[in-house]
Amino acid sequence: MASTQTSVVVGTQTSVVVEGTKGRLSIPDKLLGGLDPEWVELWEKHGSSMVRADELSLEEYRKSPATYSFTYPTCPGPSVFRVEDIEIPVSQPAGKIMIRVYTPKGSGPFPVHLNFHGGGWVLGNLKSEAAWCRHMCNKAQIKVIDVDYRLAPEFPYPTSIYDSWDAVKWTITNASKLNVDPSSVSIGGLSAGGQMTAVMAHFARDEGIELKLQLMIVPATDMRYCLRTRELNESTCPYKSVLLFHDSPWGPLGREQWFLKYWLGDDDATQEKILTKEWICTPVLAPSFKGLAKAHIITAEFDLERDEGEYYGQLMQEAGNDVTMKRYPGVPHAFGHFNHPERGLSQSFVYIEDTSQMLRQVHYGKSE
């Protein structure tokens, strides 16, 4: 029986998928049980033949980012009342970054949520989570500030963390100019942005800044298992999700190691020192978890970072903090990005509704 061919677009790249055959990144049989059928179909048709960013050098990736990005199930998001870009100063090292401010209809002053995008501290920009920011602005009726922190390797660890923290403090200092309520501020981010959110909640507590919420979405809170000098097994890694999904085609361990090579540097001794000794890189090592802002942690069932995020939540709960967590079933790490209204994931739309209701609740005391 002859094969049929279907052309599909992944980013700006058109590739050919041969029906009845598997792409080189096809999902292995051992992972199929429990996976969301929507994700299986989406990945096999439009992702399994792609080249991921971490499979080449950063220099090569930068020549054509869309070619190596799984953009088929994403969308720009809805219209909002007003969008404004503002350049703000940052301090470590001194420089400037851009923030993008999404404003809903109304007179204000508005509550404000600051978002820190994912991308392993190496990739990503103000387009990465624009759709989510736009949904939050409209659905929660809050201002959303998306922060374009500086990326590695030009600006390695810990620049991105301090850029993001400078953006929080700048927002509060300039609340009147921004028409926001400085007593109604929340922060959040996805993956690398979730890691920085965790760290900044400690900074906020230590500097007496009250936050309405720290929203950590599939956060990277303990990447010591990424050390290239360690063999991955049950004795070196306490997280079952890493052992289960370290070779998943959409987000393997090697992808995390690729990010850390650029963020922390390509020297094994330096990576080990930072990952095992510096809590602002490894938040589970923080000296105290007491007195942190209300937190919500989102994890994905088929994500190797699942268990470290949930463990971080347990540490906060044990210290007496108000913490809720939700694990989204059957989906991978970046499921929240796949929000195209016709070809996205149902779980992504659930995530949008969940997070918008939570932000509306913490800022206004109501979810509708």
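This passage describes helix packing, backbone geometry and one annotated span in a predicted model.

The annotated span comes from a record. UniProt lists residues 114-335 as "domain: Alpha/beta hydrolase fold-3", in an unreviewed entry. In the model, helix makes up 38% of this span and strand 19%. The C-alpha atoms at its two ends are 20 Å apart.

Two helix pairs were examined. Two packed helices are described by the angle between their axes and the distance between the axes. Helix 4 (residues 130-140) packs on helix 12 (residues 346-364) with an axis separation of 9 Å and an angle of about 50°. Helix 4 is therefore oblique to helix 12, since the angle falls outside the parallel, perpendicular and antiparallel ranges. The crossing is right-handed. From helix 4, the residues involved are Trp132, His135, Met136, Lys139 and Ala140. From helix 12, they meet Tyr351, Ile352, Glu353, Thr355, Ser356, Leu359, Arg360 and Tyr364. This contact of helix 4 with helix 12 contains 7 nonpolar, 3 polar and 3 charged residues.

The second pair is helix 5 with helix 7. Their axes come within 10 Å and cross at roughly 55°. Helix 5 is thus also described as oblique to helix 7. Helix 5 passes helix 7 in a right-handed crossing. Helix 5 contributes Ser160, Ile161, Tyr162, Ser164, Trp165 and Val168. Helix 7 contributes Gln195, Met196, Val199, Met200, Phe203 and Ala204. By class, this contact has 9 nonpolar and 3 polar residues, and no charged ones. An α-helix has 3.6 residues a turn, so residues three or four places apart point the same way.

Helix 5 (159-173) and helix 7 (192-206) also take part in covering helix 9. Helix 9 spans residues 253-263, and its buried residues are Leu253, Glu256, Trp258, Phe259, Leu260, Tyr262 and Trp263. The cover over these buried residues also includes helix 3 (58-63) and helix 10 (268-277). Gly265 follows helix 9 and has a positive phi, near 105°.

Several loops carry backbone features of note. Most residues other than glycine have a negative phi, and most peptide bonds are trans. Two peptide bonds before proline are described here as cis. One joins Gln92 and Pro93, with omega about 0°. Pro93 sits in the loop between strand 3 (82-91) and strand 4 (94-103). The other runs from Ala152 to Pro153, with omega near 5°. Pro153 belongs to the loop between strand 6 (143-148) and helix 5.

Positive phi values also occur at residues other than glycine, on either side of helix 4. Trp121 has a phi of about 65°. Trp121 lies in the loop between strand 5 (110-116) and helix 4. Its relative accessible area is 3%, so Trp121 is buried. Gln141 has a phi near 55°. Gln141 lies in the loop between helix 4 and strand 6. Gln141 has a relative accessibility of 28% and therefore counts as partly exposed.

Gly23 provides a further loop position. Gly23 falls between strand 2 (13-18) and helix 1 (29-32). The relative accessible area of Gly23 is 17%, which means that this residue is buried. Beyond its neighbours within four places in sequence, Gly23 contacts Ser48 and Ser49. Gly23 and Glu44 are separated by 21 residues in sequence, with their C-alpha atoms 7.1 Å apart.

Notes: Residues are numbered from 1 along each chain as its sequence is written. This is a predicted model: local features need pLDDT of at least 70, side-chain atom pairs count only at pLDDT 80 or more; totals for chains, interfaces and linings use all residues. Side-chain values use heavy atoms; hydrogens and water are left out. Helices (H or I, at least four residues) and strands (E, at least two) are DSSP runs, numbered from the N terminus. Buried means under 20% relative accessible area, exposed over 50%, partly exposed in between (1.4 Å probe, protein chains only). Contact means heavy atoms within 4.5 Å. UniProt positions are given in the numbering used here, feature names are shortened, and annotations may be inferred rather than shown by experiment. Axes are lines fitted to C-alpha atoms, for helices over the stretch in contact, and angles run from 0 to 180 degrees between N-to-C directions. Angles under 35 degrees count as roughly parallel, over 145 as roughly antiparallel, 65 to 115 as roughly perpendicular and the rest as oblique. A crossing is left-handed if the near helix is turned anticlockwise from the far one by less than a right angle, and right-handed if clockwise. Ala, Val, Leu, Ile, Met, Phe, Trp, Tyr, Cys and Pro count as nonpolar, Asp, Glu, Lys and Arg as charged, and the others, Gly among them, as polar.
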